[in-house]
Amino acid sequence: QVQLVESGGGSVQDGGSLRLSCAASGNSYRRNCMGWFRQSSGKEREGVAAMLTGTGSTYYADSVKGRFTISQDSGDNTVYLQMNSLKPEDTAMYYCAAAVGVWRCGGSWYLPSSYKYWGQGTQVTVSS
């Protein structure tokens, strides 16, 4: 059973930075599509970024391009989301998600239905 545990959320001021971590366990596949999603009150869950592990292929929502970076340490079952130049509208619960044993993330990387495993979420609050 794949388990995902997020950490690194917190409260920052407008323009600040945070780095989220997603530690994965129970997965023996080398290729996985790992995604970061966010959901704020009253809104649908939104795909923020994704990567196909082991390949360097990354995907970003237009709203975060140039500000957020998804990455993975080699030999580490952890995926990171570096968030810079944070804005109040980035305030949300952030979730890590995994589609394991896949060869591509594809054009549906931003859809929650593309992922089977989810973490519990970590809150990010950006104040103006």
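I began with the burial of one cysteine pair: Cys33 and Cys105 are both buried, where buried means under 20% relative accessible area, exposed over 50% and partly exposed in between, with a 1.4 Å probe and protein chains only.

I noted that this is a predicted model, in which local features need pLDDT of at least 70, side-chain atom pairs count only at pLDDT 80 or more, and totals for chains, interfaces and linings use all residues. Residues are numbered from 1 along each chain as its sequence is written, and side-chain values use heavy atoms, with hydrogens and water left out.

I then looked up the bond between Cys33 and Cys105. The two form a disulfide (a pair of cysteine sulfur atoms within 2.5 Å), with their sulfur atoms 2.1 Å apart. The pair links distant parts of the chain, 72 residues apart: Cys33 lies in strand S4 (residues 32–39), and Cys105 in the loop between S9 and strand S10 (117–118). I recorded that strands (E, at least two residues) and helices (H or I, at least four) are DSSP runs, numbered from the N terminus. The torsion about the S-S bond of Cys33 and Cys105 is about 115°, so I entered this disulfide as right-handed.

How many disulfides does the structure hold? I found two. Cys22 is joined to Cys96, S to S 2.0 Å. This pair also connects distant parts of the chain, with Cys22 in strand S3 (residues 18–25) and Cys96 in strand S9 (residues 92–100), 74 residues apart. The link of Cys22 and Cys96 is left-handed, with -75° about the S-S bond. Cys22 and Cys96 are both buried.

Last, I wrote down the connectivity: with the bonded cysteines of the protein chain numbered in sequence order, the pairing is 1-3, 2-4.
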